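Grab a pencil and work through these exercises with the model open beside you. Try each task before reading the solution under it.

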Amino acid sequence: MKKLFSIIVVLVTGSLGAQAQGDSRLTVVELFTSQGCSSCPPADAVLKSLRDRPGMLTLSWPVDYWDRLGWEDTFAHPHNSMRQAAYNKRFGRGGVFTPQMVFDGRFQSVGSRNERVRRGIELALHQDRNDIRPIMTINDKKLTVTLPRSDIDETVTVRAVWYLSDATVEIGEGENRGRTLHYTNVVRDSDMLEDWNGEAISYTFDISKGIELGADNFALLLQEGYYHGPIVGAGSIALSNASGR
């Protein structure tokens with residue numbers, strides 16, 4: 001299995017390196033995964049390999065529908081499963097599965113299939129879309145996010161995401177029983193703020209909320225049309241930092 005991890009990581013990162021580094025636009029890669037899914041660790045490893053690539057924002061959304069098979073995912077939330085189901089409805093899929101990756105809210109693939117992951121990111125990178133970049137600053141435990149005035153074709157939904165950069169979990173039951181697994185950029189909480197019409201606006205967050213949730217990073221996602229539409233802008237910041245990316 002370790003050999004399989006290495007093959008996937010090398011193939012994905014090697015094929016994306018030059019393109020990701022040369023593109024300043026932030027591409028959002030979301031993985032729907034579960035601690036109870038034996039097919040998920042290779043996809044978790046791929047997400048980890050992508051995390052530090054320039055121009056990438058990766059997020060892991062643990063789902064809860066595997067919990068009934070003997071192991072309750074320690075990070076799973078029903079809202080994550082609802083987000084995945086909403087994506088798949090828009091993609092025209094009849095159900096959900098793990099591990100699934102979604103690229104900029106526009107394309108999807110099996111998260112452990114390196115060639116499909118590479119293709120999904122390439123498709124997202126080549127889309128002609130808005131590139132709205134939130135400005136993020138932290139001062140005196142307050143996080144301020146400013147959206148510049150932007151020309152948008154339709155209403156955009158603003159979503160705040162608190163996430164944990166690294167976590168290691170010992171799995172006690174289920175398909176991964178006895179394994180110690182590592183997860184990156186695990187979503188701990190997510191809130192939809194409002195619909196945005198493109199006028200300049202600022203939001204203020206108390207970073208103590210994120211810390212209480214067990215998060216150490218914050219992201220803002222801008223999704224077109226409705227709650228789970230194509231992503232037209234994104235940004236992230238470490239809660240210990242004074243500037244975002």
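**Exercise 1.** How do the residues of the lining of the largest pocket divide into nonpolar, polar and charged? Then work out which element gives the most to that lining.

*Solution.* Bear in mind that this is a predicted model.

- Step 1: list the lining. The largest pocket is lined by Trp 61, His 79, Asn 80, Met 82, Arg 83, Arg 159, Ser 190, Met 192, Tyr 227 and His 228.
- Step 2: sort them. You get four nonpolar, four polar and two charged residues.
- Step 3: look for the elements behind them. Helix 3 (78–91) and strand 8 (180–196) each put at least two residues into the lining, and helix 3 gives the most, with four.
- Step 4: add the volume. The space in this pocket comes to about 210 Å³.

**Exercise 2.** Decide which residues of helix 3 are buried and which are exposed, and explain how the buried ones are arranged.

*Solution.*

- Step 1: check the helix itself. Helix 3 has 14 residues and reaches 20 Å from first C-alpha to last, close to the 20 Å expected at 1.5 Å a residue.
- Step 2: pick out the buried set, taking under 20% relative accessible area as the cut-off. Asn 80, Ser 81, Arg 83, Gln 84, Tyr 87 and Asn 88 are buried.
- Step 3: place them around the axis. These residues sit on the same side of helix 3 because they cover an arc of only 155 degrees. The spacing fits the general rule: an α-helix has 3.6 residues a turn, so residues three or four places apart point the same way.
- Step 4: turn to the other side of helix 3, where His 79, Met 82 and Lys 89 are exposed.
- Step 5: find the cover. The buried residues of helix 3 are covered by elements including strand 1 (27–33), strand 2 (56–62) and strand 7 (156–170).
- Step 6: see what comes next. Gly 92 follows helix 3, and its phi is positive, near 85 degrees.

**Exercise 3.** Is Val 232 buried or exposed, and what does Val 232 touch?

*Solution.*

- Step 1: locate Val 232, which is in strand 11.
- Step 2: read its accessibility. Val 232 counts as buried because its relative accessibility is 1%.
- Step 3: go through its contacts. Leaving out residues up to four places away in sequence, Val 232 touches Arg 106, Arg 129, Asn 130, Asp 131, Ile 132, Val 156, Leu 222 and Glu 224.
- Step 4: compare sequence with space. Thr 157 is 75 residues from Val 232 along the chain, yet their C-alpha atoms are separated by 9.9 Å.

How values were computed: Residues numbered from 1 in each chain as written. Predicted model: local features only at pLDDT ≥ 70, side-chain atom pairs only at ≥ 80, totals over all residues. Heavy atoms only, no water. 1 Å grid on protein atoms, 1.4 Å probe; cavity = no way out; pocket = protein on both sides within 12 Å on 5 of 7 lines; lining within 4 Å. Points joined across faces, edges and corners; volume = space filled by probe spheres on them. Nonpolar A, V, L, I, M, F, W, Y, C, P; charged D, E, K, R; others polar. Expected span 1.5 Å × (residues − 1). Buried < 20%, exposed > 50% of the residue type's maximum accessible area, 1.4 Å probe, protein only. Arc of directions from axis to C-beta. Contact = heavy atoms within 4.5 Å.
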